Amino acid sequence: MNPHDTIAIDELQKSYFVWFEEDWKHDDILHHHQKGQLVYVESGFQYITIEGKIYLLPQNHAVWIPPGAVHKTNAHSEKIKLMIMFADVEPDRAFDREVSVFSVPPVLKEMIRYAEKWSKNQADDPYEQIFLRALFHELPYFVEHSIKLHISLPEDKRLTKAIHYLHSHYREDISIEELSVISMLSLRTLERIFKKETGITLSRYQQILRIIKSLELLSSGNLTVSEIAYETGYKSVQAFTRSFVSVMQFRPTDFIKNIK
């Protein structure tokens, strides 16, 4: 059963609301809330679409979803524990109006875990509200290194074949010429609409796809860094590490330490 069938979030007469769930089954259809939403992945990993962009939430990462942002969840790991918190936002704070994906620092992690005791509490509790107000007030300061790691879903249907092929063959080095043939578009047209729709070049798109997949594999803990490098199409661990650092600004080993 969908949790949102049992509690109408936007009808709650509370500024803040906490909802923690083992093996969470979130809405997989597009929807939005009047409140802002913080989604924290304690274990597992989750893909989520927000305003036409697909984000990956690895273990020990969170996303801030602004009020009114249309979103849905996509594929996730078999076992996932999500901690979700809803909040009325401050009207003039720029942070509250933008999507942020970030690694959750230890202090925030402990605050989120402490708040679990109020999960699904619909009754008025002044102590709960004071604690959560402090958490959300400090949220922008916890998000020091927001990860701009997402893949845009193009609205131009002419790119459908090209995007599907890229996602299915992310391990391969695909040239713009090859993609032109696959998508049945001229080279000039493909280059123009690809950059317009995704905001990045083909090579950067392929790089981000590989790094997103590597984060998923790193989160699972089943493969070594070396195995993940080859699994995601890199010829060496060094090449993988260089690519990872260029996207994430830290090394794969740093990511592993963070999720343990």
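In the predicted model, 12 aromatic pairs are counted. One of the pairs is formed by Phe240 and Phe244, whose ring centres lie 5.8 Å apart. The planes of these two rings stand at 65 degrees, and an angle over 60 counts as edge-to-face, so Phe240 and Phe244 form an edge-to-face pair. Both residues belong to helix H8, which spans residues 237-248. Phe240 and Phe244 are 4 residues apart in H8, which means a separation of about one helical turn.

The two phenylalanines also take part in a helix contact, since Phe240 and Phe244 are among the residues of H8 that meet helix H6. Two packed helices are described by the angle between their axes and the distance between the axes. For H6 and H8, the axes come within 10 Å and cross at roughly 100 degrees. H6 is therefore roughly perpendicular to H8. On the H6 side the contact involves Arg204, Gln207, Ile211, Ser214, Leu215 and Leu218. On the H8 side, Phe240 and Phe244 are joined by Ser243, Ser246, Val247 and Met248. By class, this contact of H6 with H8 contains 7 nonpolar, 4 polar and 1 charged residues.

H6, which covers residues 202-220, also packs against helix H3, residues 160-168. The axes of H3 and H6 come within 10 Å, with a crossing angle of roughly 45 degrees. H3 and H6 are therefore oblique to each other, and their crossing is right-handed. H3 contributes Ile163, Leu166 and His167 to the contact, while H6 contributes Leu202, Tyr205, Gln206 and Leu209. The residues of the contact of H3 with H6 comprise 5 nonpolar and 2 polar, with no charged residue.

H3 has a further packing partner in helix H4, residues 176-183. The axes of H3 and H4 are 8 Å apart, and the helices pack at an angle of about 125 degrees. H3 and H4 are therefore oblique to each other. The crossing of H3 and H4 is right-handed. Lys161, Ala162, Tyr165 and Leu166 of H3 make the contact with Leu179, Ile182 and Ser183 of H4. The contact of H3 with H4 divides into 5 nonpolar, 1 polar and 1 charged residues. Leu166 of H3 thus appears in the contact with H6 and in the contact with H4.

The model also contains an open sheet of 5 strands, arranged in the order S1-S7-S2-S5-S8 with antiparallel pairing. Strand S1 (16-22) and strand S8 (100-103) stand at the edges of this sheet. Each of these edge strands has a single partner strand, so one side of each is left without a neighbour in the sheet. From one strand to the next, the twist averages 15 degrees. S1 pairs with strand S7 (residues 81-87) in the antiparallel sense, over 7 bridges. In this pairing, Glu22 has Lys81 of S7 as its bridge partner.

Two helices lie across strands of the sheet. Helix H1, residues 106-114, lies across S1, strand S2 (36-43), S7 and S8, and runs at about 100 degrees to S2. Helix H2, residues 126-142, lies across S1, S2, strand S5 (61-65), S7 and S8. The direction of H2 is at about 85 degrees to S1.

Technical notes: Residues are numbered from 1 along each chain as its sequence is written. This is a predicted model: local features need pLDDT of at least 70, side-chain atom pairs count only at pLDDT 80 or more; totals for chains, interfaces and linings use all residues. Side-chain values use heavy atoms; hydrogens and water are left out. Two strands pair if DSSP finds at least two bridges between them. Axes are lines fitted to C-alpha atoms, for helices over the stretch in contact, and angles run from 0 to 180 degrees between N-to-C directions. Contact means heavy atoms within 4.5 Å. Angles under 35 degrees count as roughly parallel, over 145 as roughly antiparallel, 65 to 115 as roughly perpendicular and the rest as oblique. A crossing is left-handed if the near helix is turned anticlockwise from the far one by less than a right angle, and right-handed if clockwise. Ala, Val, Leu, Ile, Met, Phe, Trp, Tyr, Cys and Pro count as nonpolar, Asp, Glu, Lys and Arg as charged, and the others, Gly among them, as polar. Rings of Phe, Tyr and Trp (its six-membered ring) pair if their centres lie within 6.5 Å; planes under 30 degrees apart count as stacked, over 60 as edge-to-face and the rest as tilted.
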